[in-house]
Amino acid sequence: MEKTMWLIYLPVLLPVLGLVLMIRASKKYILMERVFSITSAVLVFIINVGVIYWVSKGYTVSVPPLKVNNFLQIHFQVDRLGALFAFLASLMWIFVTVYSFGYMRGHAKQLRYFAFFTVCLGITMGIAYSANLFTLYIFYELLTVATYPLVVHKEDKKALDAGKKYLIYSFSGAALILIGMILVYALTGTLDFVPGGGTAFRGALPMGVPVAAYFVLFFVGFGVKSALVPLHSWLPAAMVAPTPVSALLHAVAVVKAGVFSMTRAVYYVFGPEAIKGFNAYFVYIVAFSILFGSVLAIGQTNLKRRLAYSTISQLGYVLLGVLLVNSRGYTGGVLHIVNHGLIKIVLFLCAGAIITRTGKTEINQLKGIGKQMPVTMGIFALASVCLVGIPPTNGFVSKWYLSLGSLDAGQPLLVAVLLLSALLTAAYLFPIVGIAFFTKGDREIQGVEEAPRSMLYPLVALAFLMLASGAFADRIIDFLAGGLEEAF
Amino acid sequence: MENMLPLAIIVVPFIAALLSFAAGKIDKRMRDGLVFAASAGAFVGVISLIRMVLQGSIYTFKTYGLLFRVDEMSVILAFVTSTLWLMSIVYSTKYMEGKNNPDRYYASLLLTLAGCLGVAFSGGVMELFIFFEMASLVPYVLILHSHSSQAHKAASKYLYMSIVGGFLMFYGVVVTYWVKETGDFSVIGSGEALPVTALVAFLISFGIKGGIVPLHSWLPDAHSVSPSSVSCLLSGITVKVGMFGFIKLVYYISPAYFSENSVWVDVLLWMAVISIMLGSIVAIGQKRIKRMLAYSTISQMGYILLGIALMTHRGLVGALYHFFAHSLMKGSLFMIAGAVKHKKDIVYLEDFRGLGREMPITMMCYTVAALSMVGIPLFSGFTSKWYLGLGSLDAGKPFYLGVLLLSSLLNVIYFFPPAINAFFPKDTVHNKKGALRMDELHPLMLVPIMALIAGVIYGGIFDNFMLELASKATARIMIR
């Protein structure tokens, strides 16, 4: 069932409109950029609540397509997958925006920071709502452009180098998508997302080209933003950005846009039927990415870099579930978009709180910090437990479904990979907790206070959400189940 | 009456060129007014001609022994020519202020305009040759305008290569008349094929004009030493006159050589690929913006040649649309290069740092043009690449799609850094202290740039008359 709802233009456009108002108003009044960024985040969230309500009733929320020219059109349509992603992103945006108020205090160029931070929200909504490959591609490219000023926020040599790397990686990936798009259009004559994929990919393709050759373009193209090993090196470099940016963009919006787009490509462009023929090869690449990310994470001494490598490994989980192309794998993968998003954002926000209070970024400098910042580090410990996937936390639920999906696909080896990776996750996260709580801190650490309230409250709220997503995992699974039959 | 309009479009700039030379001796403002009126008149004439052509009025006519032809393809070239010329003349009023020999400058500018418009409306090889020579030789005066030793060197090189090209074309035309006893495009394609030597002569002559590798060596020098208001026309239009010749050659003059799987098709394709790649790779190494833009032109002409040589419907649409897209992008980029030199005396790309804070509108225009050059959607450059990509798939040659991709990536490497560099640093080469204030161009220079950029965006977002013209022209060319 289709439901036309013009309101869904608003989440995409509102942040941009807010930007214009923000720039005008902030010249006259102080802190206007904060008012506008939080207002647009809240409004976008409210609209997404409405959207997800209609979607859970079985409707597909859409607006009529906006014809760009005779072969391309901008079209928004929200199904269950898109609604979930949009809901998740807009919810977290509120908390991280509030957190940014505290974190950015005293930093330079706040107006630019909040302006682009808010614009990214609209672009992420565009990705979630897009109903065809062209719309997705446009917003995918825009996301790169709009996050660039956030990555290079410090404008020192290191930040500019990281920014350059980020642009080159992202644009190269997007160029592959563009080529893939032309190929798909030449073959099928349409770029729309069709549940179950285009039928053209089920038979033989012209000139005996295997479907896998087409898929490689999308796999590598979207793999860049999904930080798939060996295309990952922009992500740790981009950690020079302010921590809220690392948290929101490089744990949620940007990288999740990568895996979300990959899901669209697998289920709505090629279709599970076509992917089943060759998915085993890609699954092994992803399994390698999972283990490689974890192993490298252990070797990192910088807290944010360690979390970045952890992201690389965890995104592999999502891709694994998506590429298994069976219903339980899909559920596990998409569930992990939600769960990993919440867990990783909490971990990053803890790291940001530590940086704000102590300026420490290295793990071995955190001795005894647990006594000084008990709430922050307590939440950090909790999030670590969730990420390792100890029952009854949310991380456990997604891993459970991923394991079942692997077995359904006849790949018991992948279960071993998941277990090994859980072990490695424990090996790179628990020592931090140990150092924080069970070693005696030096004098420098002993004077440290708990994080300021504007940072602590969002952190606590997100920690509750993280626990809730474990407790109410069945609700999310039910929600996704409604869309399963059409995708398969 | 119908015949009068295309004729007037060619003749008015021609007469105005002679008059303006005289007018300049009397009063500067009179000359400026006359030059502007002539180019604006040509522009308005072309617009009304486009309306007629879109309604299906296609015709040939003969006056004073010359054969003229009005169809979709000719109005495409005439439109981009008259638009860019009008913009450049508006831009010149400020840009050329206080520089040497203004009368000579404006007169040769209008003569070149008449030549390019003549090429667009020529109905046979003889007419093509006459106007081709006019469009090739007059720019010599414009290239050496600054009278520096580099300018003289570049202009001589240009002149020698143009003369060689002209002789070869003359040979081709003579042989065509000898074999066919006529030069009319609508009949020479059928019947007995031309001798191979004539084909090669045409090929080299158009290749020189179009700056196709390995015949390009005049282009980077000529396009970078001439005044920017001229470079934008040379890079935006006159090289396309060569590409226009290629279309005439492949589809009208000697179609017999360009059947599927013919070796000549492969020759063209390889020339295209080498131009695309070499142009981009050399552009990466350039330190001066105008040289970078010149090498980029070589690469972009490769795109058009690729579209022509793919011999598919959508490929040719891409090539014809790129006439439009490239002339707007490259025209505005050269104007921006000139503006930056004019205002800040900056010629090196690395000196663009911080410029975005002083000249935000100009640098935003640069950014849009750069995005379009790379082929990001919603800009005109993307539309042509899209059609070229589909055309190469239609031809069953996905290799060329890979070439397009690679060249887009190379474009990113040389077009983006100046744009990024312009907006992020806090100081500029001239102002190390910071506290930069807005210091924009004079409106007479800014408005032409903005108008061209508006065209780039309009052409990328909307279904436009250029796309319609390109597909109608393709349908007409392909039916033969």
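In this predicted model, the largest nonpolar core comprises 371 residues. The residues with the most contacts inside this core come from both chains: A:Leu248, A:Leu320, A:Ile345 and A:Val346, together with B:Ile76, B:Leu110 and B:Leu305. Helix α9 of chain A, residues 243-270, gives the most to the core, supplying 19 residues.

The surroundings of A:Leu320 were examined in turn. Neighbours within four places in sequence were left aside. A:Leu320 then contacts A:Val283, A:Val286, A:Ala287 and A:Ile290. Its further contacts are A:Gly333, A:Leu402 and A:Leu414.

B:Leu110, listed among the core residues with the most contacts, also takes part in a helix pair. Helix α2 (residues 28-54) and helix α4 (residues 102-121) of chain B pack with their axes 11 Å apart. The angle is about 10°. Angles under 35 degrees count as roughly parallel, and α2(B) and α4(B) are therefore roughly parallel to each other. On α2(B), the contact is made by B:Arg31, B:Val35, B:Ala38, B:Ser39 and B:Ala42. On α4(B), B:Asp103, B:Tyr106, B:Leu110, B:Leu113 and B:Leu117 take part. The residues of this contact divide into seven nonpolar, one polar and two charged.

The contact between the chains takes 17 residues from chain A and 18 residues from chain B. On the chain A side, α5 (133-151) and α6 (157-188) each supply at least two residues. Helix α6(A) gives the most to this side, with eight residues. By type, the chain A side divides into twelve nonpolar, three polar and two charged residues.

Note on methods: Residues are numbered from 1 along each chain as its sequence is written. Chains are lettered from A and ligands numbered from 1 in the order in which they are written. This is a predicted model: local features need pLDDT of at least 70, side-chain atom pairs count only at pLDDT 80 or more; totals for chains, interfaces and linings use all residues. Two residues are in contact if their C-beta atoms, placed from the backbone, lie within 7 Å. Helices (H or I, at least four residues) and strands (E, at least two) are DSSP runs, numbered from the N terminus. Ala, Val, Leu, Ile, Met, Phe, Trp, Tyr, Cys and Pro count as nonpolar, Asp, Glu, Lys and Arg as charged, and the others, Gly among them, as polar. A nonpolar core is a set of buried Ala, Val, Leu, Ile, Met, Phe, Trp, Tyr and Cys residues joined through C-beta atoms within 7 Å. A residue is buried if 20 or more other C-beta atoms lie within 10 Å of its own, exposed if 12 or fewer, and partly exposed in between; C-beta atoms are placed from the backbone. Axes are lines fitted to C-alpha atoms, for helices over the stretch in contact, and angles run from 0 to 180 degrees between N-to-C directions. Angles under 35 degrees count as roughly parallel, over 145 as roughly antiparallel, 65 to 115 as roughly perpendicular and the rest as oblique.
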